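Please open the structure in your viewer and keep the sequence beside it. The tour below goes from one selection to the next and says what to look for at each stop.

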Amino acid sequence: MGIPASDLGVAIVTGASRGIGRACALKLAEDGYDIVANYAGNRAAAEEVARAVEALGRRALVVQGDVGSEADILALFAAADAFGRLAVLVNNAGVIDVAQRVDEMSADRITRMMTINVVGSFLCAREAVKRMSTRHGGKGGAIINLSSIAPTLGAPGQYVDYAASKGAIDALTLGLGREVAAEGIRVNAVRPGLIETDIHASGGIPDRVSLLADTIPIKRGGTAEEVAECVRWLASDKASYVLSTVLTVSGGR
Ligand code: NAP
């Protein structure tokens with residue numbers, strides 16, 4: 001006998017193989033959702049998340065797909081449709097890049113950043129709204145976007161392109177949240193500060209969080225679990241009157 005389908009439905013988490021996405025997948029599984037765990041290249045890590053979800057008594061489906069590709073996003077949502085009713089989307093997959101000034105950035109770098117972080121989140125949100133909105137015959141749901149405190153700081157000399165991409169996520173959250181609020185969907189975002197994950201290594205500074213810890217009012221970096229705890233709350237009915245909001249999770253930074 002397999003694990004029965006969840007009454008709550010399915011949560012898609014993009015970039016669920018590692019870091020904040022992984023922690024979101026596990027907390028949403030704890031809360032009773034079946035999980036569609038998307039990843040880009042690290043299948044072994046995604047499979048490990050799926051086993052952990054199943055150990056919590058929930059079903060898991062692992063789907064490879066680059067959120068920078070519309071075809072991959074359509075395939076991800078088609079796979080999720082066959083798995084169960086979509087109730088939650090966590091728009092988590094995102095990238096940074098090595099530290100550069102704007103006058104050093106190539107068009108390819110900026111385009112990649114915007115394609116994955118902005119276009120990817122927009123298209124995943126579009127597909128989720130088509131399925132969740134009462135206007136389209138859906139039963140409602142919650143979308144949680146991963147923003148960052150970067151747009152509040154600008155990230156000069158590091159990655160202004162990343163900060164700009166997350167500024168777009170804040171506007172997506174505000175506008176889409178109001179657009180679909182009367183259709184049973186709550187759209188919110190979290191705005192993490194410096195969180196201990198692999199993303200800093202991908203930007204060329206693996207120990208970035210410990211290097212900057214002293215500049216954070218709480219004097220430490222955050223954990224993926226601390227961010228996921230907020231995502232879980234925003235996804236839940238406990239946040240039933242909260243929409244178009246960006247919740248800062250930054251230790252005061
Ligand atoms: P991470 O540790 O680098 O993990 C990134 C995850 O996203 C991995 O699961 C990766 O899959 C997946 N991914 C990367 N590119 C993808 C693509 N094109 N399509 C689909 N999946 C992709 O990142 P993180 O630190 O957990 O960050 C998660 C989100 O939080 C991002 O949006 C990030 O901007 C945001 N955030 C992070 C921090 C921080 O300090 N960590 C702060 C503010 C905001 P693979 O394992 O297959 O590569």
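Helices and strands here are DSSP runs, numbered from the N terminus: a helix is H or I over at least four residues, and a strand is E over at least two. With that in place, select S133, which lies in the loop between α4 (107-132) and β5. Keep in mind that this is a predicted model.

**Stop 1: S133**

Is S133 buried or exposed? Its relative accessible area is 0%, so S133 is buried; the cut-off for buried is under 20%. Now add A182 to the selection. The two residues are 49 apart along the chain, and their C-alpha atoms are separated by 8.9 Å.

**Stop 2: S148 and A150**

Move along to the loop between β5 (141-146) and α5, where S148 is found. S148 has a relative accessible area of 7% and is therefore buried. Show its side chain: a polar atom there lies 2.9 Å from the backbone nitrogen of A150.

Select A150 next. A150 belongs to helix α5 and, at 9% relative accessibility, counts as buried. For a longer view, draw a line from A150 to N38. These residues are 112 apart along the chain, with 24 Å between their C-alpha atoms.

**Stop 3: A155**

Go on to the loop between α5 (150-153) and α6, and pick A155. The phi angle of A155 is positive, about 55°, although A155 is not a glycine. A155 counts as buried, because its relative accessibility is 8%.

**Stop 4: helix α6**

Two residues of α6 are worth picking here. One is Y162, placed in helix α6. With 10% relative accessibility, Y162 counts as buried. Select G94 as well: the C-alpha atoms of Y162 and G94 are 9.4 Å apart, and 68 residues separate them along the chain.

Another is T173, also found in helix α6. What is the relative accessibility of T173? The value is 0%, so T173 counts as buried. Add I144, which is 29 residues from T173 along the chain; their C-alpha atoms are separated by 8.3 Å.

**Stop 5: the ligand**

Now select the ligand and show what is around it. How many residues surround the ligand? There are 32, and the closest are S17, R18, G41, Y162 and T197. Y162 is the residue of helix α6 visited at the previous stop.

Three contacts can be drawn with the distance tool:

- From G65, a backbone N or O atom lies 3.5 Å from a nitrogen atom of the ligand.
- From D66, an N or O atom of the side chain is 2.8 Å from a nitrogen atom of the ligand.
- From K166, an N or O atom of the side chain is 2.9 Å from an oxygen atom of the ligand.

On its own the ligand has 910 Å² of accessible area, and the protein covers 93% of that. Turn on a surface to look at the site: the ligand sits in the largest pocket. Colour α1, β2 (34-39), α6 (160-180) and α7 (199-202), the elements that each give two or more residues to the shell around the ligand.

**Stop 6: helix α1**

From that shell, select α1, residues 19-30. This helix has 12 residues and reaches 17 Å from its first C-alpha to its last, close to the 16 Å expected at 1.5 Å a residue. Of the 12 residues, 9 are buried, so α1 is largely enclosed by the rest of the structure. The buried ones are I20, G21, A23, C24, A25, L26, K27, L28 and A29.

While the helix is on screen, look along its axis. An α-helix has 3.6 residues a turn, so residues three or four places apart point the same way. Then step just past the end of α1 to G32, which takes a positive phi of about 110°.

**Stop 7: K219**

For the last selection, pick K219 in the loop between α8 (208-212) and α9 (224-235). Phi is positive here too, near 70°, in a residue other than glycine. Is K219 buried or partly exposed? K219 is partly exposed, because its relative accessible area is 49%.

Terms used. Residues numbered from 1 in each chain as written. Predicted model: local features only at pLDDT ≥ 70, side-chain atom pairs only at ≥ 80, totals over all residues. Heavy atoms only, no water. Expected span 1.5 Å × (residues − 1). Buried < 20%, exposed > 50% of the residue type's maximum accessible area, 1.4 Å probe, protein only. Near = heavy atom within 4 Å. Polar contact = N/O pair within 3.5 Å; in protein donor to acceptor, adjacent residues only side chain to side chain. Areas by Shrake-Rupley, 256 points an atom, 1.4 Å probe, with all protein chains shown as cover. 1 Å grid on protein atoms, 1.4 Å probe; cavity = no way out; pocket = protein on both sides within 12 Å on 5 of 7 lines; lining within 4 Å. Sits in = over half its atoms within 2 Å of the grid points.
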